[in-house]
Amino acid sequence: MTNAPMGTIHLTAQADTIYQHIRDIPIVSPHGHCDPSWFAKNTAFSDPAELLIIPDHYVFRMLYSQGVPLESLGLGTPAEDRDPRRIFKIFAEHWNRFLGTPSRQWLEHTFVNVFGLTEPLTPKTADHYYDLIDAKLKTPEFRPRALFESFGLEVLATTDGALDTLTHHAAIQNSDWQGRIIPTFRPDTVLNPASPDFIPHMHQLAEMTGEDTASFQNYLSALRQCRAAFKAAGATATDHAITEIYTEQISDADMQALLQKALNAPLDHAESTLFYGRMLIEMAQMSIDDGLVMQIHAGSYRSTNRALFKSFGNDMGADIPIAVDWVRGLAPLLNKVGNNPDLTIILFTLDETTYARELAPMAGHWPCLRLGPPWWFHDSLNGIARYFDAVVETAGYWNLAGFNDDTRAFLSIPARHDLWRRGVATHLGTQISRGLFGKSDALEIARLLTRDLAIDAYRLRGV
C-alpha cells in the first residue's frame with residue numbers, strides 16, 4: 001500500500017510516525033463477503049461496473065438516494081443485458097455526491113493505488129477510467145489470486161451459508177496456490193424461523209446430514225455435522241446476523257414443540273424470537289466444544305424499503321440501524337456460558353450509543369467477549385475516532401478484536417485497512433499528546449490493532 005494523492009487522510013507528524021510503523025503490515029481480513037469462486041477459478045473480473053459498482057451497496061444506496069434507479073445500475077439485470085460502460089458513466093456523473101463519505105475515500109484510494117489513475121474522475125474522464133480499468137482487468141496481474149498477493153493479504157475469510165458444500169474452498173486448498181482463503185459458518189437460515197428459507201433449508205439440512213431435523217436433538221446433531229465440515233475446511237468462526245438481541249434458555253420440550261410448529265407453518269414474531277434466542281445459546285455451547293469463534297452482528301433493521309425488497313431481494317441498501325439492548329438480551333447466554341475460558345464471542349453493533357453504556361463495560365468484564373470494530377455505517381474516519389473514544393477507557397485495547405473490512409468489494413480491502421490504520425495512528429498520536437502513554441507503548445498497541453488482536457480473537461494463529 002502506498003500514499004495516494006487522493007483518498008487519504010492527512011496525519012500529524014506524531015500520527016504519521018505511528019502510521020509508517022504499521023502501514024505495510026500484511027492484511028488480516030477475518031470477516032467479509034468476497035466470493036470464494038473468484039479464487040477457486042481465478043478468472044478475470046468481467047468489467048469495471050461488475051467489480052466496483054454492482055456489488056457495492058455503499059455505492060448504489062447513495063445513487064438510489066439521488067434518484068438513480070437501481071435498474072439503470074444493472075441490479076436485477078442479467079449480465080448479458082447490462083451496458084457496463086453506461087453504468088460506469090452514471091456513476092461518474094454522480095461522483096460528487098460521494099464527497100465526505102468513506103466510499104469516496106475507499107474508491108479514490110482504489111483508483112490511485114490499484115489502477116494508477118491520478119486525474120480526477122469526472123463525466124469527461126469516465127471513458128478513460130473505464131477503458132484503463134477494463135484493460136487492466138484483462139491482464140494476469142489483475143486476476144483474483146494475483147490481486148490477493150499484491151494487496152499483501154495474509155488471510156481472507158468468506159461468509160458461507162450453513163448448507164454450502166464448500167466446493168470452491170476445496171478447489172482452492174487442492175490447488176498449488178498458497179493464498180489462505182477460509183470459510184465462515186453462517187447458519188441464520190436454519191436457526192431463525194423468521195427466515196423465509198427456514199422450512200426448505202431445514203429439509204435440505206436433513207438431506208445433507210442424514211439427521212431427522214424434526215427432532216430437536218437430531219437437529220442439533222445436524223448442525224454439529226455442518227460445523228465440523230466447516231472447521232475441516234479451515235473455518236475458525238461462525239457469524240450470526242440479528243436485528244434485536246435476545247437469548248433465553250427455554251426447555252428442550254418447548255423447543256421441540258416450537259420446532260414442530262415451525263416446520264409446518266410460520267411462527268409468530270414472539271415464537272421465532274424465543275426459538276432463535278435458545279439457538280444462540282446452543283451455538284455458544286457448540287463453540288465451546290469445537291473452538292469456533294462466535295460473531296454476533298446486531299442492530300440492523302433489514303429491507304426497510306419493501307418495494308426494493310420485493311423487486312430485488314435482500315441487501316439492497318435499505319438496511320437501517322436501530323437501538324439494541326445488549327445487557328438484557330445477552331444476559332441468559334452469558335450467565336449460562338460467559339465465564340467459560342474456551343468461548344470467544346465478538347460483538348458488532350450499528351447502535352453506537354451502546355459502546356460506552358453497554359458493550360465496553362461488558363467486554364471489560366466477561367472473559368468471553370471481544371468488541372468488533374466499527375461496522376458498516378460507522379466504518380469511517382469519524383466512526384473509528386468515536387469508537388476509540390467510547391470504548392478504550394472502559395474495555396482497554398486488549399478486549400478489542402482489531403479490524404475487519406466486512407466487504408463484498410474486493411478491491412476496497414486495502415483502502416479500508418489503510419483508513420483503519422490512519423485512524424489508529426491518529427488516535428494513538430492523540431493519546432501520546434495527552435500524556436497517557438509513550439511512543440513505545442503506542443507502537444505496540446498500533447500493531448495489536450492492525451493485525452495481532454484479530455489474529456488472536458479469530459484464533460488464526462498457527463492454524
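This note describes the cores, strands, cavities and pockets of one predicted model.

1. Basis of the description. The model is predicted: local features need pLDDT of at least 70, side-chain atom pairs count only at pLDDT 80 or more, and totals for chains, interfaces and linings use all residues. Residues are numbered from 1 along each chain as its sequence is written, and side-chain values use heavy atoms, with hydrogens and water left out.

2. The largest core. A nonpolar core is a set of buried Ala, Val, Leu, Ile, Met, Phe, Trp, Tyr and Cys residues joined through side-chain atoms within 4.5 Å. Buried means under 20% relative accessible area, exposed over 50%, and partly exposed in between (1.4 Å probe, protein chains only). The largest such core has 106 residues, and Tyr219, Met279 and Trp326 have the most contacts inside it. Helix H19 (residues 439-457) supplies the largest share of this core, 10 residues. Helices (H or I, at least four residues) and strands (E, at least two) are DSSP runs, numbered from the N terminus.

3. Tyrosine 219 and the second core. Contact means heavy atoms within 4.5 Å. Apart from neighbours within four places in sequence, tyrosine 219 is in contact with Val190, Leu191, Met202, Leu205, Asp212, Thr213, Leu259, Phe275 and Met279. A second, separate core holds 50 residues, including Ile53, Tyr129, Ile181 and Leu411.

4. The open sheet. Two strands pair if DSSP finds at least two bridges between them. Three strands form an open sheet, in the order E1-E2-E4 and with parallel pairing. Its edge strands are E1 (27-29) and E4 (181-182), each of which pairs on one side only. Three bridges join E1 to E2, and two bridges join strand E2 (residues 153-157) to E4. Leucine 156 of E2 stands opposite serine 29, and its bridge partner in E4 is isoleucine 181. Four of the five residues of E2 are buried, so this strand is largely enclosed by the rest of the structure.

5. Strands E6 and E7. Strand E6 pairs with strand E7 (residues 293-298) in the parallel sense over six bridges. Isoleucine 242 has alanine 298 as its bridge partner in E7. Six of the six residues of E6 are buried. Both faces of E6 are covered, with Ala237, Asp239 and Ala241 on one side and Thr238, His240 and Ile242 on the other.

6. Histidine 240. Which strand holds histidine 240? Histidine 240 is found in strand E6 (residues 237-242). Histidine 240 counts as buried because its relative accessibility is 0%. Not counting residues up to four places away in sequence, histidine 240 touches Arg186, Pro187, Asp188, Leu191, Tyr276, Leu280, Met283, Met294, Gln295, Ile296 and His297.

7. Cavities. On a 1 Å grid over the protein atoms alone, a cavity is a set of points where a 1.4 Å probe fits but cannot get out, and a pocket is an open set with protein on both sides within 12 Å along at least five of seven lines; lining residues have an atom within 4 Å of a point. Grid points are joined across faces, edges and corners, and a volume is the space filled by probe spheres set on the points. The whole structure contains four cavities of 30 Å³ or more, and the largest cavity encloses about 90 Å³. Its lining consists of Leu51, Leu52, Asp56, Ser103, Trp106, Leu107, Thr110, Ala409, Phe410, Leu411 and Ser412. Helix H3 (48-52) and helix H6 (102-113) are the elements that give two or more residues to this lining; H6 gives the most, with four residues. By class, the lining has seven nonpolar (Ala, Val, Leu, Ile, Met, Phe, Trp, Tyr, Cys and Pro), one charged (Asp, Glu, Lys and Arg) and three polar residues (the others, Gly among them).

8. The second largest pocket. This pocket has a volume of about 300 Å³. It is lined by 15 residues, of which Asp35, Trp38, Phe45, Glu50 and Leu51 are the closest to its centre. Helix H2 (36-41) and H3 each give two or more residues to the lining, and the largest share, three residues, comes from H2. The lining divides into seven nonpolar, four polar and four charged residues.

9. Proline 84. This residue lies in helix H5 (residues 84-93). Proline 84 touches Asp47, Ala49 and Tyr130, not counting residues up to four places away in sequence. Proline 84 and glycine 74 are 10 residues apart in sequence, and their C-alpha atoms are 7.8 Å apart in space.
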